[in-house]
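Student: I should like to understand how the helices of this protein pack and what surrounds its ligand. Could we work through the structure step by step?

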Amino acid sequence: MIASKSQSNPTDKPLNILHLEDSDADHLLLARALRSSGIVATLTRADDRASFLALMGTHTFDLVLMDFRLPGFTALQAWDALAQWPLPPPCVLVSGAIGEAAAVAAIQTGFSDYLHKNDLQAIGQVVTRALKLHQLQQARAQAARDLQASEQRITQLAHHLQTSLEQERADISREIHDDIGGSLAALRLDVAWIERHAQNPALRERAASAQDVIAHALAATQRIMQNTRPAILDQGLGPSVQWLTQAHTRRTGQPVQLQCQLDTEHALHDAVRLTAYRIVQEALTNISKHAPQAHVRVHLSDAGKALTVEVTDNGPGFDMQQLRTTAGFGLKGLGERAKNIGGWLDISSQPGQGTSLTLTAPLPTPPMPAAQALTP
Ligand SMILES: Nc1ncnc2c1ncn2[C@@H]1O[C@H](COP(=O)(O)OP(=O)(O)OP(=O)(O)O)[C@@H](O)[C@H]1O
Ligand SMILES: [Mg+2]
């Protein structure tokens with residue numbers, strides 16, 4: 001154990017330091033320099049590769065001080081070996097002259113510092129700095145790991161929310177269809193019967209007006225069902241996007257130019273179809289809110305190995321930096337949806353330059369013809 005009268009240890013407990021050094025004299029000098037700098041440490045020495053690896057395998061060191069050149073072994077090789085350790089300690093080069101280039105290269109490789117053997121009086125500051133830097137790096141790495149884990153959890157949550165939302169929509173749609181739709185259809189038959197059999201003209205008139213109300217309610221249930229769980233998707237992505245664009249024009253008066261080049265529509269997975277549909281739906285909703293005067297173009301294509309869905313407008317556009325702070329969830333949700341099907345969403349916009357949303361989703365690889373599959 002190396003100790004001194006004026007202790008200035010950077011940690012509460014004595015440090016465990018490994019010294020990779022082949023010279024007895026230099027080892028003693030370093031031990032003395034540590035002592036006089038106030039570092040309280042247990043200094044263990046390794047003088048070749050085998051003893052270095054053996055000590056690393058059996059002990060836990062707070063710091064490794066390394067001479068640059070050892071017989072048949074260099075500090076850079078020792079560093080490479082250390083990189084295999086799950087939590088390698090910080091390393092400082094304590095060596096004779098190695099040249100500026102080598103010192104810079106060593107620091108770039110990951111060494112915390114370089115101290116010339118003639119400057120051993122500075123060992124205290126160098127050790128303290130290396131340990132602080134290491135702590136900072138570890139805290140930063142931990143923060144990055146925490147951030148990554150939390151992003152992963154958010155992605156999982158978003159996926160879960162999207163799935164439950166679609167499931168809930170499908171349930172609501174089914175209930176509207178079975179309960180409300182079924183009851184309205186039965187009511188329509190009864191009212192039609194009353195209209196046919198009523199002798200009183202006023203009663204017949206009331207029944208006819210009730211028929212109109214029922215027809216209106218039935219149309220509303222169809223519309224709600226279509227929006228909650230687009231049954232039209234069963235007819236394919238092309239027809240359902242066409243239905244969306246036409247409904248948009250009917251509602252807003254804004255024309256939409258649709259270009260549909262889908263040859264492998266039947267091969268599209270249900271989830272991909274639904275994602276593409278929801279992206280066009282949100283893009284058109286955004287256009288009706290944020291670019292109501294714009295010209296709109298929707299382009300669907302499955303050329304190449306991907307499905308691309310592009311919705312472009314020449315409206316006012318927006319500053320993409322705003323997206324980080326905007327309260328809206330539409331575009332964020334679309335990005336998550338695209339990820340969930342293994343695709344990605346490109347959003348491109350600039351103030352005064354319009355907006356373009358592009359979904360790219362990989363298409364399933366077609367099965368190989370049997371003869372080809374058997375060819376080695
Ligand atoms: N086509 C567009 N033209 C101009 N600005 C747009 C367009 N689409 C989106 N934006 C801008 O991007 C922002 C974010 O859009 P996003 O869809 O995420 O949110 P939102 O539509 O405001 O709200 P939400 O979708 O949650 O109801 C919008 O607030 C708007 O400023
Ligand atoms: Mg929106």
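Tutor: Let us begin with one helix pair, where helix 5 passes helix 6 in a left-handed crossing. Please bear in mind throughout that this is a predicted model.

Student: How are helix 5 and helix 6 oriented, roughly parallel or roughly antiparallel?

Tutor: Helix 5 covers residues 123-197 and helix 6 covers residues 201-228. They pack at an angle of about 165 degrees, with their axes 9 Å apart. Angles over 145 degrees count as roughly antiparallel. Helix 5 is therefore, with respect to helix 6, roughly antiparallel.

Student: How many nonpolar residues does the contact of helix 5 with helix 6 have?

Tutor: The contact of helix 5 with helix 6 can be divided by class. It has 6 polar and 4 charged residues, and the number of nonpolar residues is 16.

Student: Which domains does the assignment give, and how far apart are the centres of domain 2 and domain 3?

Tutor: The domain assignment gives domain 1 (15-141), domain 2 (161-228) and domain 3 (232-362). Taken over C-alpha atoms, the centres of domain 2 and domain 3 are separated by 32 Å.

Student: How is helix 7 oriented relative to helix 8, roughly parallel or roughly antiparallel?

Tutor: Helix 7, residues 237-252, packs with helix 8 at an angle of about 15 degrees, and their axes are 10 Å apart. The crossing of helix 7 with helix 8 is right-handed. Angles under 35 degrees count as roughly parallel. Helix 7 is therefore, with respect to helix 8, roughly parallel.

Student: Which residues of helix 8 meet helix 7?

Tutor: The contact of helix 7 with helix 8 has 7 nonpolar, 5 polar and 1 charged residues. From helix 7 come Leu237, Ser240, Val241, Leu244, His248 and Thr252. In helix 8 they meet Arg273, Ala276, Tyr277, Val280, Gln281, Leu284 and Ser288.

Student: Which residues of helix 9 make the contact with helix 8?

Tutor: Helix 8 (residues 270-290) and helix 9 (residues 330-340) pack at an angle of about 165 degrees, with their axes 10 Å apart. This angle makes the two helices, helix 8 and helix 9, roughly antiparallel. Helix 8 contributes Thr275, Arg278, Ile279, Glu282 and Asn286 to the contact. Helix 9 contributes Gly330, Leu334, Arg337 and Ala338.

Student: Which element gives the most residues to the shell around ligand 1?

Tutor: Ligand 1 is surrounded by 17 residues, of which the closest are Asn286, His290, Gly328, Gly330 and Leu331. Two or more residues of the shell come from each of helix 8 and helix 9. With 4 residues, the element that gives the most is helix 8.

Student: How many residues of the shell around ligand 1 are polar?

Tutor: The shell around ligand 1 divides by class into 6 nonpolar and 3 charged residues, together with a polar group. The number of polar residues is 8.

Key
Residues are numbered from 1 along each chain as its sequence is written. Chains are lettered from A and ligands numbered from 1 in the order in which they are written. This is a predicted model: local features need pLDDT of at least 70, side-chain atom pairs count only at pLDDT 80 or more; totals for chains, interfaces and linings use all residues. Axes are lines fitted to C-alpha atoms, for helices over the stretch in contact, and angles run from 0 to 180 degrees between N-to-C directions. Angles under 35 degrees count as roughly parallel, over 145 as roughly antiparallel, 65 to 115 as roughly perpendicular and the rest as oblique. Two residues are in contact if their C-beta atoms, placed from the backbone, lie within 7 Å. A residue is near a molecule or strand if its C-beta atom, placed from the backbone, lies within 6 Å of it. Ala, Val, Leu, Ile, Met, Phe, Trp, Tyr, Cys and Pro count as nonpolar, Asp, Glu, Lys and Arg as charged, and the others, Gly among them, as polar. Domain bounds come from an automatic or database domain assignment. A crossing is left-handed if the near helix is turned anticlockwise from the far one by less than a right angle, and right-handed if clockwise.
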